Every structure is written in C-alpha cells, then in structure tokens.
Amino acid sequence: MITCPTAAELQTALDAFDRRDGPPDGRHVFLTRVADNARALLAREAALRETAEAEETERLSTLLGADGDFRELNRHLCQALRSGAIAPRDPALLAHLRATAIARIAVDQPSYCGLEALLDA
Amino acid sequence: MDVAAALARLAPRLSPSATTAVNARRLSGGASLETWAFDLDDGTPLILRRRPDGAAPRETAPGLAVEAALIVAAARTGAPVPVVVHVCEPDDGLGEAFVMRRLEGETLGKRIVRDAAFDDVRPGLAWRCGHVLAQIHAAPMADLPPLATSDARGELARYEEIYRQMDAERPVFEAAFRWLEAAAPDPVAPVLVHGDFRNGNLMIHPEGGLVGVLDWELAHLGDPAEDLGWICVNSWRFGAWRRPVGGFGDYQALLDGYAEAGGREIPLARLQIWQALGSLKWGVMCLMMYASFANGTDPSIERAMIGRRVSETEIDLVRLMETMA
C-alpha cells in the first residue's frame, strides 16, 4: 500500500483542483503543471501497484521469517529497526530497501536521477 | 488583501523618487511564504517577501524581520546578498514582510544545471559556493540576531520526533535514523549556518555567477559542514547526479573554495554524513508538507504531491547506506 498520500487522497486533491478556477497567475500555472504530474503518477500507480505490493510483501516475509499482510510485516520491520534487532546496514535489509526504493520511484518519479545513481553503484 | 495597492502606498518610502509601485506579480512557489516581484515608477526593481494571511510561521523559523537582519549581517561579511530596503511595519498593511532589491539572474536549478547560458559560470560555481559559505560562516556573533543552536544529533532527534508523530512507517527512514545516530559527527564551535543553501535559493547570473544567497528563513547557529552537505543532497542536482555540488561541481572544488576563503578544515566524510542527514531531513519535510494536506491546513495538489517525493530521498539514502564508508 503506497501512502502519504494514497492514490485516493491524490485523486481527491486533483478533483478539487480541476473544479476550481484560479486566477491565471504564476501560482496557477505552477499548480496546473503539478496536477498534470499527479495524473501521470496515478496512471503509473494503477499499472504497477499490485505487482509491486505483492513482491514487497514477499520480500518482507522472507527477511523477517514471518507471515502477514503488507502492513503488518512493514510495521514489524520498522519496529525491528527501531529496537536494533536488525542493524541499519545489514546486507539482507539493504537488498530489500533497494528493491522497494526502485519499485516506489517507478511509480512516483521514474525520471529521478537517484535511480540511475543507485543502479550505477 | 490587496498586495499591489499596499505596495503602491508604500512606494514613496522605498525610494525618494518613486510615487507608486507597478507590475506587482506573485512569483510561483511555496504556500508558506509569498514572494512578489514589483517595480517602482522610478524603475527600481524590488522583491516583497511576506507571510500569507493566516499562514503560521514555520515552527522553528525566526520570522521575516529576523531574516532581514540576517541578510544585513551577511552583507557585512562580503557574501553576495540582496540589499534590504524596508522591513514592514503594521501600518504598511502587508503583515509580516520585508522589501529587498531584485537581483538579475536565475534560481531554477534545472536551468543552472543544464542551460547553455550558464556554461561559462558553471565550472567555477562549486568553488564559489565554498568561498561564499566560508564568508557566511565567519559572520561575527555580535552582528547576529538571537538564533537557535543545533548540531547533528540535535537535528536527528528533532526530525525523528516529527517523523514519529506522523506514524508513517518508512523502513528506510528507520534505518537511516539509527545509522546516522551512530555516525553523527561530534559538535564543533557553532557558526552562522544559512540552513537552506541550495539550488532554488542561489541567484546565479550567466556572467556574474553566484550574485545572491536568498531565503535566510532557516538560518541558525550550528556545524558549518551542515551547509556544505545540504547543497550536495541529490534532490537538488536536477539530473546531474555525477556532479554532487548542486549538479554543477565536485566535492573537492567546494572544499577548496571553502578553505581558500579561510573556512576551517572539513573532512569529506563529515560533509557526506551531513548530506545523508540532509536527504533524511528533506524526506521528513516532505512528509510534514503532506501532513498539512492530510489535516486540511493546505488542501492544494502541490502539498499532496510533495508527499510522493519521499521516495526520492529513500532511493538516495539507500545508495548512501550502501556506498559510504
């Protein structure tokens, strides 16, 4: 589940923007561009989310040696990191974080240069 | 509020030969602070920075009058900054605001990093940024308004607390907090830190290079390496990730400019810890801006979308956790 914001929240903000007539100033031009980006993001998320979430859940399950849904397992991982049960630069952890970061950026911002940098490393 | 009308009334106080203000226009950008460009009828180009009606000041920010005082103090160090013309009073009818001279140049990182117009100044820009940061960091304490002091551990603790309040469950951030807590550099004698020295807040002229350091709202006292690390955060490299300093220069050029202007020695490793801390901070700031959408404070599409920039900081943090010593 991709949050902060969820796709539904994003759609709500987009609908509100589309309903409003702003003055044609610099701010409105800027927001129009942001809205176009939001529409493209939602299209990518619709295409990619299901697979990405299934794969992330499976990785979490292997990493933690536990079963559960995505939310439970992800919370479990956060708690293990916070308590120190898993070290922050543990190789198996970093492999999971790398795969997750790559899947997220494919939805949120596929042209972000940090992806190329990560794959180059 | 009619900003244009208030500026027209204020005009004679901004320049003795002016009778009114013209061409007032809001520049694109953030919702926590408005920036207006306008001219006086005698031709003086000016900028108004003001807190929007009803907007709460940034929690840790010192306010616009303090920002104006900092710009004046920075000017005395020789650092390039705009000339402050007027700090607004309640009778001006503009709320919390100040007026400064408008500089010619470009702040958009994408253009500075890519446009041919900046080909000539780009090679010297990282060195120049180091030079200017050393000037800022040398500001005498006696010249400064009261400011908060922070260090790496303090910054981490503050941003972790904010992150906890949001209940966001981001494993990359959990790992990065623990990693950086263990790797955080020990405090040094604090200096004036700009706090937001990066593309977007640097006015770059195609011939003059760095002609103005803008947006002093996050200035504080702290570790000089904070400013050097912040401009190397990948989020402001605009595609040019192989050039760590703002997408236009190398670490060594930044550090050389800093040392040659009398800045104290800063090891690259210390700078990079602050760079990683910068990515983490920017990620938490994106979450905070999303939170202002989620709680209805600012329901704009901009605030919603910035939450999806958290993943850019996550991918950068993963790379740093994989590759740093």
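How does the radius of gyration of chain B, with 325 residues, stand against that of a compact globule?

**Figure 1. Overall view of chain B in the predicted model.** A compact globule of 325 residues would have a radius of gyration near 20 Å, and chain B agrees with this because its own value is 20 Å. Taken along the principal axes, the box filled by the C-alpha atoms of chain B is roughly 60 × 45 × 40 Å. The chain holds 11 helices and 9 strands, and buried residues account for 52% of its 325 residues. Of the contacts in chain B between residues at least 6 apart in sequence, 69% join residues at least 24 apart.

**Figure 2. Close-up of helices α6 and α11 of chain B.** Helix α6(B), residues 171–183, packs with helix α11(B), residues 310–323, at an angle of about 45°, and their axes are 10 Å apart; the two helices are therefore oblique to each other. The crossing in which α6(B) passes α11(B) is left-handed. From α6(B) the contact draws on V172(B), A175(B), A176(B) and W179(B), and from α11(B) it draws on E314(B), L317(B), V318(B) and M321(B). Sorted by class, this contact of α6(B) with α11(B) comprises 7 nonpolar residues, no polar residues and 1 charged residue.

**Figure 3. Close-up of helices α5 and α6 of chain B, with the loop between them.** The axes of α5(B) and α6(B) cross at roughly 160° and come within 11 Å, and the helices are therefore roughly antiparallel to each other. Their crossing is left-handed. On the side of α5(B) the contact is made by L156(B), E160(B) and Y163(B), while α6(B) contributes F173(B), F177(B), L180(B) and E181(B); by class, there are 5 nonpolar, no polar and 2 charged residues in the contact of α5(B) with α6(B). The loop between α5 (152–166) and α6 of chain B includes E169(B), a residue other than glycine whose phi is positive, near 55°. Because 16 other C-beta atoms lie within 10 Å, E169(B) counts as partly exposed.

**Figure 4. Close-up of D215(B) in the loop between β8 and β9 of chain B.** Most residues other than glycine have a negative phi. In D215(B), however, phi is positive, with a value near 50°. The residue is placed in the loop between strands β8 (209–213) and β9 (220–222) of chain B. D215(B) is buried, because 21 other C-beta atoms are found within 10 Å.

**Figure 5. Close-up of the start of chain A, showing the cis peptide bond between C4(A) and P5(A) and the packing of α1 with α2.** Most peptide bonds are trans. The bond that joins C4(A) and P5(A) is cis, with omega about -5°, and P5(A) belongs to the segment before α1 of chain A. The axes of α1(A) and α2(A) cross at roughly 145° and come within 10 Å, and α1(A) passes α2(A) in a left-handed crossing. Residues A7(A), L10(A), Q11(A), L14(A) and F17(A) of α1(A) make this contact with L31(A), A35(A), A38(A), R39(A), L42(A) and E45(A) of α2(A). By class, the contact of α1(A) with α2(A) consists of 8 nonpolar, 1 polar and 2 charged residues.

**Figure 6. Close-up of the contact between chain A and chain B, with R104(A).** Chain A gives 45 residues to the contact and chain B gives 39. On the side of chain A that touches chain B, at least two residues are supplied by each of α1 (7–19), α2 (26–64), α3 (70–83), α4 (91–108) and α5 (113–120) of chain A, and the largest share, 10 residues, comes from α2(A). This side of chain A has, by class, 29 nonpolar, 6 polar and 10 charged residues. R104(A) is located in helix α4 of chain A and is buried, because 21 other C-beta atoms lie within 10 Å. When neighbours within four places in sequence are left aside, R104(A) is in contact with S311(B) and E314(B); E314(B) is also among the residues of α11(B) that make the contact with α6(B). Within chain A, R104(A) and V34(A) are 70 residues apart in sequence and, from C-alpha to C-alpha, 19 Å apart in space.

Conventions. Residues numbered from 1 in each chain as written. Chains lettered and ligands numbered in written order. Predicted model: local features only at pLDDT ≥ 70, side-chain atom pairs only at ≥ 80, totals over all residues. Axes fitted to C-alpha atoms, helices over the stretch in contact; angles between N-to-C directions. Helix = DSSP H or I, 4+ residues; strand = E, 2+ residues; numbered from the N terminus. Parallel < 35°, antiparallel > 145°, perpendicular 65-115°, else oblique. Left-handed = near helix turned anticlockwise from the far one by under 90°. Contact = placed C-beta atoms within 7 Å. Nonpolar A, V, L, I, M, F, W, Y, C, P; charged D, E, K, R; others polar. Rg over C-alpha atoms; globule rule 2.2 N^0.38 Å. Buried ≥ 20, exposed ≤ 12 C-beta atoms within 10 Å, placed from the backbone.
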